[in-house]
Structure formats: C-alpha cells, structure tokens
Amino acid sequence: MTRRDPSSHAAAGITTTAIADAALTVIRTAGVDGLTMRAVAERLHVRAPSLYHHVHNKSELLDLVARNAFDQFTADTTAYDQLRTVDEWIELTRSGSLELRRFYAEHPGLAGLIQAKATPDRDRGEGSRAELVRAQIESLVRIGIPEPTARHVFEVTARWSLAAVVAELTDDLFAEGLNLFLYGVRARLVT
C-alpha cells in the first residue's frame, strides 16, 4: 500500500475557506503585496503545489480573498431588520463604515483589492458579505426607497467608503468625510 504525501491537499484537508483565512492572515502581517502562494502554503503547513488544486494562480487567490474577506468581518446584519427611518440607516451605516475601516486598517491593501473586485450584484452571492449587502439594500427598500435607488445608494456608499480607506485618510478626515457624504445621502433620500 502506498502512503500519500502528507503535504497533499487531500491529506492536509485544505479547503477554499482555509486558504482564504490563511491568505487574510498573511495580508494582516505582510499586506496584499506580501501575499504569495508560498506564504499561504506555509501558513497552512503544506507545500505551495497543494494549493493549486483549489486556486491555480495568484489572480485566483486574490479573487478568493476578495470574495471571502468579509467572513472574518463580523457585522450585525439583524440590526438592519430593525430600521424604520433613513436617519436610522444613516447612523447604522456610519458606525458600520467606521468598523469596516478598522478591519481594513488591519489588512493593508485589502480595501484596494475589494474596490477593484467590487461588482454591482454582490448581494446575489453567498457568505457574510452578500448577507450584509442584502440587509442594507432590503432595509432601504423596507423604509420606502425604491429598489433601484436603494441599490444605487448602497453601491455609491460602499465605493466611497472603500475609496476613502484606500486613500488612507486620517481618522478625523475619514469621519468628517463620512459625515459629509452621509448628509448628502440623507438629503437625496429624504427630499
């Protein structure tokens, strides 16, 4: 009987979730620029070729990270179920944006990666990111904002927040810019 090489993906029990989690750990310590197949493999205690069963190259690894990054970001999607006014949505979005900024600050380069990979239909998938996007859009629809407008408001808000994180604004500038941006969103939705 032949024994399997313990570093093979089957013997090691590697999953795409484990790869994404390991990649985020690498990003936390080395940034997106320091993310390599070898670094992820080392984190998983396997050889880099073992990863190729799940991701064929760095581009696919970056796609996987972009899709799964939010699984490590804990957001209370049920809080959006309780919203009854645009002002409540603004406040919850403000606090969520500040939390998200802290998350991105812990993962250098991740906001730029997410910005580059963002798609307008990101709420149609699975996972915590899609759940959070759906919760935000559905809460706006529930308080009377037409769905196309709700989707647009979410998309613009998410993109502004990511762009502000990528620009590496100071805490004060980010908070002030976020307030000004959300006041503009409020004015558009309430009129």
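Biologist: What makes W160 partly exposed in this model?

Modeller: This is a predicted model, and in it W160 has a relative accessible area of 23%. Buried means under 20% and exposed means over 50%, so W160 falls in between and counts as partly exposed.

Biologist: And how do you know whether F174 is buried or exposed?

Modeller: The relative accessibility of F174 is 1%. That is under the 20% cut-off, so F174 counts as buried.

Biologist: F181 is of interest to me too. What makes F181 count as buried?

Modeller: F181 has a relative accessibility of 17%. The limit is under 20%, so F181 is buried as well.

Biologist: Why is the pair of W160 and F181 called stacked?

Modeller: Aromatic pairs are described by the distance of the centres and the angle of the planes. For W160 and F181 the centres are 5.3 Å apart and the planes stand at 15°. Centres within 6.5 Å make a pair, and planes under 30 degrees apart make it stacked, so both conditions are met.

Biologist: What does that stacked pair tie together?

Modeller: W160 lies in helix 8 and F181 in helix 9, so the pair ties together parts that are 21 residues apart in sequence.

Biologist: How many aromatic pairs are there in total?

Modeller: The count comes to 3. One of them joins W160 and F174, with 5.8 Å from centre to centre and 40° between the planes. An angle under 30 degrees would be stacked and one over 60 edge-to-face, so this pair is tilted. It links W160 in helix 8 (residues 147-166) with F174 in helix 9 (residues 171-190), 14 residues apart. Through ring pairs, W160, F174 and F181 are linked into a cluster.

Biologist: Helix 8 has come up a few times. How do you describe its packing with helix 6?

Modeller: Two packed helices are described by the angle between their axes and the distance between the axes. Helix 6 (residues 110-117) and helix 8 pack at about 145°, and their axes are 8 Å apart. The crossing is left-handed. On the helix 6 side, A111, G112, I114 and Q115 take part, and they meet R159, L162, A163, V165 and V166 of helix 8. The residues of this contact divide into 6 nonpolar, 2 polar and 1 charged.

Biologist: Let us turn to helix 3. How do you know on which side its buried residues lie?

Modeller: The buried residues of helix 3 (residues 37-44) are M37, V40 and A41. They cover an arc of only 100° around the axis, which puts them on the same side of helix 3. An α-helix has 3.6 residues a turn, so residues three or four places apart point the same way. What covers the buried residues of helix 3 includes helix 2 (16-30) and helix 4 (58-68). The face turned away from the buried side carries the exposed residues R38 and E42. Just after helix 3, H45 takes a positive phi of about 60°.

Biologist: What makes L62 in helix 4 a buried residue?

Modeller: L62 has a relative accessible area of 17%, and the cut-off is under 20%, so L62 is buried. Leaving aside neighbours within four places in sequence, L62 is in contact with V32, L35 and L113.

Biologist: And what does the whole chain look like?

Modeller: The protein chain has 9 helices and 0 strands. Of its 191 residues, 40% count as buried.

Definitions and conventions:
Residues numbered from 1 in each chain as written. Predicted model: local features only at pLDDT ≥ 70, side-chain atom pairs only at ≥ 80, totals over all residues. Heavy atoms only, no water. Buried < 20%, exposed > 50% of the residue type's maximum accessible area, 1.4 Å probe, protein only. Helix = DSSP H or I, 4+ residues; strand = E, 2+ residues; numbered from the N terminus. Arc of directions from axis to C-beta. Contact = heavy atoms within 4.5 Å. Phe/Tyr/Trp six-rings, centres within 6.5 Å; stacked < 30°, edge-to-face > 60°. Axes fitted to C-alpha atoms, helices over the stretch in contact; angles between N-to-C directions. Left-handed = near helix turned anticlockwise from the far one by under 90°. Nonpolar A, V, L, I, M, F, W, Y, C, P; charged D, E, K, R; others polar.
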